[in-house]
Amino acid sequence: MEGIGIGSDLVIVESNAFQFPSCKITGFRHLKCNASKMELTLTRPDDWHLHLRDNELLEAVVSHSANHFGRAIVMPNLKPPITTTAAAVAYRESILKALPANCNFTPLMTLYLTDSTSPDEIKLARRSGVIFAVKLYPAGATTNSQDGVTDLFGKCLPVLEEMVEQNMPLLVHGEVTDPNVDVFDREKVFIDTVLQPLMKRLPHLKVVMEHITTMDAVKFVESCDDGFVAATVTPQHLVLNRNALFQGGLQPHSYCLPVLKRETHRQAIVSAVTSGSKRFFLGTDSAPHERKKKECPCGCAGIYNAPVALSLYAKIFEEAGALDKLEAFTSFNGPDFYGLPRNTSHIKLKKTPWKVPESYSFSFGDIVPMFAGETLEWQSFCV
Ligand SMILES: NC(=O)N[C@@H](CC(=O)O)C(=O)O
Ligand SMILES: [Zn+2]
Ligand SMILES: [Zn+2]
């Protein structure tokens, strides 16, 4: 086979097999290389966990997601939360209104589960055609979760049974709220005390463990029956460990929930997503809060990563020598799990350094993105 040398670290060979220093990618049809740049063409990704907020914040942030993602599962933790089909339909309208012109972005709506959600509401949601999942926030677990569920097995079983009937996935913020449980152990304890019993009781309930942070979550997801349990993974839980919270001082813009964990957990999550398993897919959990609500004595949890997410996912897959598995993670595994068609349009990722803005300014204040002011290697472009 004849190879074209293009610098010290990359070689193209005519058989469509590429040699990387640490890996070999074969038959990856979209990878194009030239002397100094690497360029990937990917089926347009979707974001299976996104906070778009409402009003001026919605208008401020929506284009950062809509420019690069085809669809997004939109979280319902507004004030007040989106607990009814009617509210979700109205919220969807306001998202569509806030979109930039000529933008092909579809919000996939969710319902916020409460102790009093009725099985009829699930039927209505399914019939609406615009609601694709129901979100479980244990009451008090995270931002705007005060109206969440206090007793899943005691209060919500009829609703969960109806969700099985309707093939409606349950999305979980998987942390217990017991103040006696160490904050770093809350995901593991949730798996042991809620998710394991739930899957025993309702093995045909579709569940997405959102924003997983531990090797315990990886093991749990991998141990479940195929097609019923999956997980979303954020950029921050792939690129940062808990040291980032204290790097040179307290770092509010690295604070999210579930909180970052130790390095061994980060490595387990990287291995899981770059293994090519279909059970893991892209969910940014991009969660914008105004700067003054992050940089204050009691800062909100949530990282605004929409502008940098694709860049960081590409970096992780590249470092793992698994760029050939990136497209399944960003663009195939999610729609396949939800039973939706894959997108047909494409985006490009180019290895071209760019500087993340220090902040984004709006009339109401500013928002600081993840890795503000830093230089990242991959950039995404619409095609
Ligand atoms: N992830 C976060 O830290 N915050 C999210 C809520 C959530 O996803 O838990 C938010 O809405 O701000
Ligand atoms: Zn959450
Ligand atoms: Zn979230």
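# Exercises on strand β13 and its surroundings

Strand β12, helix α7 (residues 215-223) and strand β13 form a right-handed β-α-β unit, right-handed meaning that, with the strands pointing away from the viewer, the path from the first strand over the helix to the second runs clockwise. Helices (H or I, at least four residues) and strands (E, at least two) are DSSP runs, numbered from the N terminus. This is a predicted model, in which local features need pLDDT of at least 70, side-chain atom pairs count only at pLDDT 80 or more, and totals for chains, interfaces and linings use all residues. Residues are numbered from 1 along each chain as its sequence is written, while chains are lettered from A and ligands numbered from 1 in the order in which they are written.

**Exercise 1.** Determine which strands pair with β13, and in which sense.

*Solution.*
1. Two strands pair if DSSP finds at least two bridges between them.
2. β12 (residues 207-209) pairs with β13 in the parallel sense over three bridges, and M209 stands opposite A231.
3. β14 (residues 280-282) also pairs with β13 in the parallel sense over three bridges; here A231 stands opposite F280.

**Exercise 2.** Decide whether β13 is enclosed or not, and sort its residues by direction.

*Solution.*
1. A residue is buried if 20 or more other C-beta atoms lie within 10 Å of its own, exposed if 12 or fewer, and partly exposed in between, with C-beta atoms placed from the backbone.
2. Five of the five residues of β13 (residues 229-233) are buried, so the strand is largely enclosed by the rest of the structure.
3. V229, A231 and V233 point one way, A230 and T232 the other.
4. In a regular strand, side chains alternate between the two faces of the sheet.

**Exercise 3.** Place A231 in the nonpolar core.

*Solution.*
1. A nonpolar core is a set of buried Ala, Val, Leu, Ile, Met, Phe, Trp, Tyr and Cys residues joined through C-beta atoms within 7 Å.
2. The largest one has 98 residues, and A231 and Y313 have the most contacts inside it.
3. Helix α11 (residues 309-319) gives the most to this core, seven residues.
4. Contact means C-beta atoms, placed from the backbone, within 7 Å. Leaving out residues up to four places away in sequence, A231 touches V208, M209, I212, A217, V221, R279 and F280.

**Exercise 4.** Locate the cis peptide bonds K79-P80 and L257-P258.

*Solution.*
1. The bond joining K79 and P80 has omega of about -5°; P80 lies in the loop between β8 (71-74) and α2 (85-98).
2. For L257 and P258, omega is about -10°, and P258 is in the loop between α8 (235-239) and α9 (263-274).

Technical notes
Contact = placed C-beta atoms within 7 Å.
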